[in-house]
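Please look over the sequence and the model below before reading on. The report that follows takes up a sheet, the helices beside it and a contact between chains.

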Amino acid sequence: MNRGITRYLLIGLFFLLIISLFIGRYPIPDQINQIFSNQLFANLIIRVRIPRILFGILVGFGLASSGMIMQSIFKNPLAEPGLLGVNQAAGFGAALGILAFDSSYFIVQSLAFIFGIISITLTIFLSNNTKKKERLSLVLAGISVSAFFSAGLGIIKYIADPLDQLPSIVFWLLGSLSNSNWTSLLQILPIIITCLLLLYFYRWRLNVFSLDKEVLFSMGLRNEFELVIILMISVLLTSSIISISGIIGWVGLIIPNIARVITGQNTKHSLPISMILGGIFVLVSDNFARALLPGEIPLGVITAFLGAVSFIILLLTKKEFL
Amino acid sequence: MRCGHNKLLLRSIGYSYGQKDDFEIRNLTLSIPEKTISAVIGKNGSGKTTLLLLMLGYLEPANGQIGFCTNGKYIPIERANGRIAYLPQNEEIPKEYSVNNFLLMGRIPFIGSFSQPTKKDYSIIEDVKTRLEIEHLGIKKLSQISGGELQRVRIGRALAQEAHLILFDEPITHLDIDTKYKMISILEELKQLGKTIVFTTHDPLEAFKVADNSILITRDQKILYGPTDNILSNENLSWCFDIPLEFGVVNGQRVLIVKNDI
């Protein structure tokens with residue numbers, strides 16, 4: 001059954017990809033043969049739309065699988081990079097890079113990753129040291145760490161040059177794929193593909209975190225080394241994405257939960273389904289962002305809107321949701 | 001280290017935690033032969049679970065050694081990766097998983113981190129289900145099965161793990177009366193399969209029914225070990241539980257009663 005669903009979703013994603021090539025404000029040529037002869041249109045497709053669409057799919061794959069990893073590791077269906085403070089922290093790191101180092105890709109990306117790691121470490125540390133129940137304490141710790149880095153972002157916005165840097169920081173914080181081109185895509189492609197492949201092959205093993213730690217110990221997982229490595233991979237994945245796309249919320253929260261409603265708990269199936277659904281979700285959202293209004297709408301706004309709507313629908317109709 | 005028969009060996013173990021009034025083990029030496037059932041008996045909070053966790057290697061003793069004697073060779077517990085199954089008393093069960101997927105997790109020691117279960121793993125799961133008569137549960141969720149069935153599924157996971165030693169925290173106490181008896185016969189079956197079993201209980205009668213040997217943790221934190229009939233005497237149990245206890249016989253069955261004169 002699950003194999004069938006995967007196939008249909010992949011076919012769906014493929015057709016969506018083709019359709020997305022022709023969505024946008026530039027008019028599609030009247031005659032089919034002009035699609036290839038119209039130099040401007042061909043350039044637009046190859047130089048702008050293809051990298052943007054590919055990046056959008058990767059963003060969806062990455063954010064949704066990171067969400068699934070964190071929800072499994074923390075045994076908490078609300079866990080995701082945003083809730084654990086990674087989004088805001090990586091955003092802070094990247095904005096710091098834009099402000100202080102003039103947007104060098106490597107530095108922006110490294111800072112995003114470093115602050116992502118700092119935030120998740122802080123969140124876990126805080127959560128382990130509270131006297132509350134574990135699920136709640138993780139959420140509370142994540143919220144406070146997140147708030148801490150939003151404050152930092154506020155300061156950066158205050159310092160930033162209001163004519164030049166500020167608009168780009170603000171727009172970027174709302175999330176957008178408009179920064180994607182072949183150069184930026186190829187720069188982070190190796191990291192993203194490596195992380196995604198590792199997580200994909202880890203899909204069955206991810207189930208183990210649903211067991212007690214003494215039981216895992218008895219099965220030979222004698223320490224938390226593996227857990228930390230997998231968590232690092234998903235933080236690296238998230239922050240690499242954020243360093244280019246800005247903060248795109250809701251994907252990591254809603255998509256893994258939808259995937260679990262479809263396939264059940266077994267991460268062997270729910271992780272791949274989550275990746276594909278994430279790709280579809282981001283691609284659809286970006287099509288709206290590009291084509292709904294004459295000017296571009298920030299992608300984060302669309303994902304938040306669509307995410308919230310589907311969250312409410314699932315909350316009201318599906319017993320097994322969350 | 002000298003090694004005779006195959007056994008689990010605890011030598012001069014010392015372990016303590018918490019304040020000075022809490023649980024403490026001093027200079028404990030035990031040798032649990034393979035293919036036997038041992039019951040750990042003691043009051044709540046006497047350290048039964050701690051003893052199991054020491055045998056698992058999860059807790060490290062302050063001094064002494066724990067290990068296996070296998071074919072004349074001594075293997076320290078930390079090198080026995082995955083060969084000991086531990087079934088905690090209040091295990092957090094991932095309720096939305098199917099029985100099949102839960103059983104499959106017993107194969108964790110055999111499946112690489114970045115690999116998937118193979119045909120062999122799935123066929124082992126089928127064998128385990130047949131042996132424990134839980135074939136009909138396969139696709140059910142763990143939230144949909146009864147307490148007794150869940151115990152059998154957890155034992156199935158231990159079998160899938162191919163563990164030699166099964167450490168079982170309170171396997172029987174919380175079950176309904178009918179499933180209690182089933183559980184006792186399952187423990188005996190596991191012994192027939194060649195497994196060594198150590199389980200905890202605070203009901204001496206359970207030990208009498210199924211355990212070859214008993215480990216009694218007394219009030220003054222002494223640990224007595226030996227054949228169940230010798231260890232669970234009226235005097236030892238009365239001293240352990242701090243109440244005068246006496247075995248009697250009703251219809252040929254052993255019962256444990258509190259003496260009338262209190």
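In what order do the strands of the open sheet of chain B run, and with what pairing?

## The sheet of chain B

In this predicted model, the open sheet of chain B is made of 6 strands in the order E6-E7-E8-E3-E9-E10, and its pairing is mixed. Strand E6 (84-87) and strand E10 (223-227) of chain B form the edges, and because each has a single partner strand, one side of each is left without a neighbour in the sheet. From one strand to the next, the twist averages 15°.

At one of these edges, E6(B) pairs with strand E7 (residues 165-168) of chain B in the parallel sense, over 4 bridges. Within this part of the sheet, Tyr86(B) stands opposite Leu167(B), which belongs to E7(B).

## Helices on the sheet

Helix H1 (residues 48-56) of chain B packs on the sheet, where it touches strand E3 (37-41), E6, E7, strand E8 (196-201) and strand E9 (213-217) of chain B, and its direction makes about 155° with that of E8(B).

Helix H5 (residues 177-192) of chain B also packs on the sheet, touching E3, E7 and E8 of chain B, and the direction of H5(B) makes about 155° with that of E8(B).

## Where the chains touch

Between the two chains, 19 residues of chain A are in contact with 23 residues of chain B. On the side of chain A that touches chain B, the largest share, 4 residues, is provided by helix H9 (residues 213-218) of chain A. Sorted by class, this side of chain A holds 8 nonpolar, 6 polar and 5 charged residues.

Methods. Residues numbered from 1 in each chain as written. Chains lettered and ligands numbered in written order. Predicted model: local features only at pLDDT ≥ 70, side-chain atom pairs only at ≥ 80, totals over all residues. Contact = placed C-beta atoms within 7 Å. Helix = DSSP H or I, 4+ residues; strand = E, 2+ residues; numbered from the N terminus. Nonpolar A, V, L, I, M, F, W, Y, C, P; charged D, E, K, R; others polar. Pairing = 2+ DSSP bridges. Axes fitted to C-alpha atoms, helices over the stretch in contact; angles between N-to-C directions.
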